[in-house]
Amino acid sequence: MYTTSSLFFHTLAQVGITHAFVNWGSDHPALLEDLERQRVDHGDTVVEIITCPNEMAALSAAQAFAQVTSRPAAVIVHVDVGTQALAGAVHNASRGKVPILVFAGASPSTVEGELKGSRNEWIHWMQDVPDQPAIVRQYMRFTAQINAPENVPSLVRRALQIATSEPKGPVYLWARREVLEKEIDESLFNTPASLYRWPSIEPSGLSPSAVDVIGDALAHANNPLIITSYIGRNPAAVAALEMLSRLMAIPIFVTCPSATNVSLSHPFFVGVSFLAPGTHTPLLSTADVILIIDAEVPWIPMNKDNQGNFERPSDNARIFVIDSGDPLKESIGMEHVAGVAELVCRASADVMLYQLLNSGRTGAATGFYTRSKSMQAMHDAFIADMRNAETLTSEPNVPYAPSRIFGALRTAVENKVPHPASTLYLNETISNYPLTWSHLHPDMPAGMLSSGGSSLGWALGAGIGAVLGGVTAGKGAGKAGYELVVSLVGDGTFLFGVPSSAFWMARRYETPFLTIVLNNGGWKSPKLSMMGVHPEGHGSKVTGNQLTVGFGPAMPDYVGIAVAATGGWAWGKRIAAGDPLEETMAEAVRIVVEERRCAIVECVLESI
């Protein structure tokens, strides 16, 4: 016997979804029953089911899976409360432009037993809300209700067609319990439902006139500059970006990255900033042509450097904005960059870059040799400053600085996993974002990811999804998955990540990853935000605990939480001032790579 639920799972498998991250509820009897039918009939389920005790962990894992594999995953939650419990992971998937199919059941609509699946529990009244998809609609690219089994194949394919077209993002389908229970004819179940004739929108390029204008501007620029945030989500674009930069001696500066956009060794890569005042490149204010490709926030207009000068382009700069899906940032209430641009273009980064490379203008760059030498020196200074910071020793009884910790971690990783393709970093260090992106920056595309959003709690669930995705997509030097996945978090981010659920999932599905917890005693970012507005106010003079952003004096046992959630399977250690740093990092990496267990290293920083 087949039901709508049978058809739903069958359709997911036919369109290429291999994993569903699930949190079951009272709306899912038909789904659970059909999964067991599949096991009886075939020995396994057509889609691999990953049980997730928390919905945000589920969606975070699915997001990382999709980020690693470049194909959608599914998430199944229950009714309105499960939809709400997806929490900030919905924001991350939307802002990160990650295609994910979210499905939720809904309370039955019949109460007298008229249909199979009618209401038989008190919660069916509590969970029947007027507009369930409204909970997430503004974050979704598409929402739809499944009203009958006959349209399941079409709705799933339409949802995925939209999810995988720029601007990519999550989609939401839902169905009431009676619909999921409805029996269907075998002929409907056996009807093919591939994505053939349901293609994603083809990548587009620049218009011929735009190629001419931008190409001429770059060729005649004295001080050109490229800014990007997430061009690395399109791996084909990274090589083209580096080629254009080399051929025309254009420096690349990265703001608010969520992907690895340029190789660390690229000679004209000049730095990373998350746009704290005084941290933008000085090249911004002197640039006469600025090419912004796939960037979130290239600069903040009100920010000033340490000399009191605005960190923004000059009024005479020629600014060109190119984005693969949303150049006007239509989902953001206020945006400033498109208001000062000469051209705003919707174009795929790889297509438009090769258009520029093939335009015949790359060999005629003004000031090429002088600029090449200057940018190479700036790049070398950037690298040297980082490496020097990694070797600085702390005073006795003074906690290790983040730069020193990152240096020890990088060395341990490179010694144990020499091929960079076999390591993936997941960065959610927030107040230490700039340092993490700089010191651990991979020398190849796709070596480091962030959520792409600002809702904290992604990295732990992402560790599970990244390991699963690595195996599925054949990542790593041996094409069998990553040897090492490293999740880097702050102490606040660790708690946001629902560690009891995330580490239980890691143990259950044998997805070992290394977690580095940077413990500064609370939430440093809210304190920094306050200092940015009230630099000499009352709050600037007190501790984090007094300010109510601190977690002291009795701190959580972060290592103990992870070890307990795995029933003792995970290994962990806490590093405070004077403790062996390099040895501990080396052992943590070894535990994950050789023993295939989770490892957690808590690094105590200077307290807020």
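Guide: A residue is called buried when its relative accessible area is under 20%, exposed when it is over 50%, and partly exposed in between, with a 1.4 Å probe and protein chains only. The structure is a predicted model, in which local features need pLDDT of at least 70, side-chain atom pairs count only at pLDDT 80 or more, and totals for chains, interfaces and linings use all residues. Residues are numbered from 1 along each chain as its sequence is written, and side-chain values use heavy atoms, with hydrogens and water left out.

Visitor: How do you know that Lys-416 counts as partly exposed?

Guide: Lys-416 has 31% relative accessibility. That value falls between the two limits, so the residue is partly exposed.

Visitor: Which residues are joined with Lys-416 into one network?

Guide: Salt bridges with shared partners connect Lys-416 with Glu-587, Arg-590, Glu-594, Glu-595 and Arg-597.

Visitor: What makes the pair of Glu-594 and Lys-416 a salt bridge?

Guide: The term requires a side-chain nitrogen of Lys or Arg within 4 Å of a carboxyl oxygen of Asp or Glu. In this pair the closest N and O atoms are 2.3 Å apart, so the rule is met. The two residues belong to distant parts of the chain, 178 residues apart, with Glu-594 in helix α22 (residues 581–595) and Lys-416 in helix α15. Glu-594 has 46% relative accessibility and therefore counts as partly exposed.

Visitor: How many salt bridges does this rule give?

Guide: The count is 24 salt bridges. In general, side chains of opposite charge can pair when their charged atoms come close.

Visitor: Why is the pair of Arg-410 and Glu-390 called a salt bridge?

Guide: The N to O distance between their side chains is 2.3 Å, so this pair also satisfies the definition. Arg-410 lies in helix α15 (residues 402–416) and Glu-390 in helix α14 (residues 368–391), so the contact ties together parts that are 20 residues apart in sequence. Helices here are DSSP runs of H or I with at least four residues, strands are runs of E with at least two, and both are numbered from the N terminus.

Visitor: Are Arg-410 and Glu-390 buried or exposed?

Guide: Arg-410 has 14% relative accessibility and counts as buried. Glu-390, at 7%, is buried as well.

Visitor: What makes Asp-323 and Lys-329 a salt bridge?

Guide: Their side chains meet at 3.2 Å, N to O, so the distance is inside the limit. Asp-323 is buried at 2% relative accessibility, and Lys-329 is buried at 7%.

Visitor: How do you know how the size of the chain compares with a compact globule?

Guide: The radius of gyration is taken over C-alpha atoms, and the globule rule is 2.2 Å times the number of residues to the power 0.38. For 608 residues the rule gives a radius near 25 Å, and the protein chain has 25 Å, so the two agree. The C-alpha atoms fill a box of roughly 80 × 60 × 50 Å along the principal axes. Of the 608 residues, 56% count as buried. The chain holds 22 helices and 20 strands.

Visitor: What is in contact with Arg-39, leaving aside its neighbours within four places in sequence?

Guide: Contact means heavy atoms within 4.5 Å. By that test Arg-39 touches Asp-44 and Thr-45. Arg-39 lies in helix α2 (residues 29–42) and, at 36% relative accessibility, is partly exposed.

Visitor: What makes the phi values of Ser-70 and Arg-197 worth noting?

Guide: Most residues other than glycine have a negative phi, and most peptide bonds are trans. Ser-70 has a positive phi, near 60°, and Arg-197 has a positive phi of about 70°. Ser-70 lies in the loop between α3 (55–69) and β4 (73–77) and is exposed at 62% relative accessibility. Arg-197 lies in the loop between α9 (186–189) and α10 (208–220), and its relative accessible area of 66% makes it exposed too.

Visitor: Where are the cis peptide bonds before Pro-167 and Pro-553?

Guide: One joins Glu-166 and Pro-167, with omega about -5°, and Pro-167 is in the loop between α7 (152–163) and β7 (171–176). Another joins Gly-552 and Pro-553, with omega about 0°, and Pro-553 is in the loop between α20 (524–533) and α21 (558–565).
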